[in-house]
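The exercises below are meant to be worked with the sequence and the structure open side by side. Try each task before reading its solution.

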Amino acid sequence: MTDAPVPPREDRGPVGWVTAACYLAFVGIGFSLIHFLWPTPLLFSLFMIVGQGAFGLAMVLYAIAIVIDLKRQKVL
Amino acid sequence: MHADGGLFSGSTENVMRWLAGAGILLGLSAGAVLLFVLVRKPEWRITAAAKWTLLVGVFVLPSMTMLTGNVVGFHNTKQSCLQCHTMDPWVSDMKDPKSKTLAALHFQNRWIPDDQCYTCHTGYGLAGNVEAKMGGLSHVVHYYITGVPPVIHIHKPFAVATCLHCHGESMKYQKIDQHADPEMKPKILSGEMSCFECHASPHPRKKS
């Protein structure tokens with residue numbers, strides 16, 4: 001054990017959550033564009049399940065990022 | 001120019017074409033905003049400018065894209081029942097001029113002018129709730145992976161409300177004594193009693 005001071009961890013706040021939300025929203029948009037261009041029942045099912053699922057998850061992560069940010073600013 | 005009345009006609013097909021175009025534009029715009037956010041330094045993503053950009057790129061534009069996709073896909077899917085050969089025996093019966101099943105009578109007499117399958121089977125919830133997504137997933141799995149079962153059943157009893165939606169208020173329906181019978185009426189309205197206990201079967205019982 002050493003008594004060397006531990007460097008303070010860099011507070012990046014909600015950056016990780018926001019980045020993940022962006023990637024998931026990208027997936028959702030990708031599926032919707034594919035489904036617009038090739039409107040088949042299979043691609044519609046994938047859009048409804050994978051695309052909208054990814055977008056829904058992106059919204060949840062985005063909401064978490066907002067809450068973290070508000071807590072950081074001591075608004076909440 | 002399109003055969004169905006031109007680029008600016010108000011036909012449903014044309015409106016859907018425009019909506020699909022708008023959806024593509026919205027999706028591309030959302031993608032561009034997201035790309036702009038993702039190529040910046042991560043620390044930028046919590047600046048005040050980023051918050052407004054993210055509101056547009058993660059929430060507003062993608063939400064509009066998803067909504068447009070739902071409407072356009074939903075419209076196309078209403079017409080897609082016939083695309084799987086699985087349903088051929090039922091569709092053949094519906095279009096058979098000699099058939100006396102309820103589905104055939106509704107089709108032959110144009111009581112339901114368009115989207116005949118969907119109009120009666122709205123209970124599948126194509127609008128996109130979680131139940132509809134799971135139903136759609138199971139159809140995809142059956143069709144592409146596990147194979148279609150030899151005997152197909154409707155996944156839950158047919159809702160009486162679907163019949164009553166069109167027939168319930170009609171004079172012809174209300175004139176029938178049994179429909180107004182104080183003992184039967186509550187059973188019909190609650191769905192406890194099916195229309196098909198008295199009326200002909202809507203489809204052939206088995207594949208033919």
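**Exercise 1.** What distance separates the centres of domain 1 of chain B and domain 2 of chain B?

*Solution.* Begin with the bounds, which come from an automatic or database domain assignment: chain B is divided into domain 1 (12–78) and domain 2 (81–197). Taking the centres over C-alpha atoms, one finds 36 Å between domain 1 of chain B and domain 2 of chain B. This is a predicted model, in which local features need pLDDT of at least 70 and side-chain atom pairs count only at pLDDT 80 or more, while totals for chains, interfaces and linings use all residues. Residues are numbered from 1 along each chain as its sequence is written, and chains are lettered from A and ligands numbered from 1 in the order in which they are written.

**Exercise 2.** Determine which element gives the most to the side of chain B that touches chain A.

*Solution.* First, count the contacts (C-beta atoms, placed from the backbone, within 7 Å): 31 residues of chain B are in contact with 29 residues of chain A. Next, list the elements that give two or more residues to this side of chain B, namely α1 (12–39), α2 (48–78) and α6 (130–146), where helices are DSSP runs (H or I, at least four residues) numbered from the N terminus. Of these, α2(B) gives the most, with eleven residues.

**Exercise 3.** How are α1(A) and α1(B) oriented to each other, parallel or antiparallel?

*Solution.* Helix α1 of chain A covers residues 15–37, and its axis comes within 9 Å of that of α1(B), crossing at roughly 155°; axes are lines fitted to C-alpha atoms over the stretch in contact, and angles run from 0 to 180 degrees between N-to-C directions. The two helices α1(A) and α1(B) are therefore roughly antiparallel, a term used for angles over 145 degrees. Among the residues making the contact are F26(A) and I29(A) of α1(A), together with G27(B) and L34(B) of α1(B).

**Exercise 4.** Describe how α2(A) and α2(B) are arranged.

*Solution.* The axes of helix α2 (residues 41–72) of chain A and α2(B) come within 11 Å and cross at roughly 155°, which makes α2(A) roughly antiparallel to α2(B). In this contact α2(A) contributes residues including F44(A) and F55(A), and α2(B) residues including F59(B) and M66(B).

**Exercise 5.** Where in chain B is confidence lowest, and where highest?

*Solution.* The mean pLDDT (the predictor's confidence in each residue, from 0 to 100) of chain B is 85, and 93% of its residues reach 70 or more. Within chain B, the lowest confidence falls in α6(B), at a mean of 83, and the highest in α1(B), at 93.

Methods: Contact = placed C-beta atoms within 7 Å. Parallel < 35°, antiparallel > 145°, perpendicular 65-115°, else oblique.
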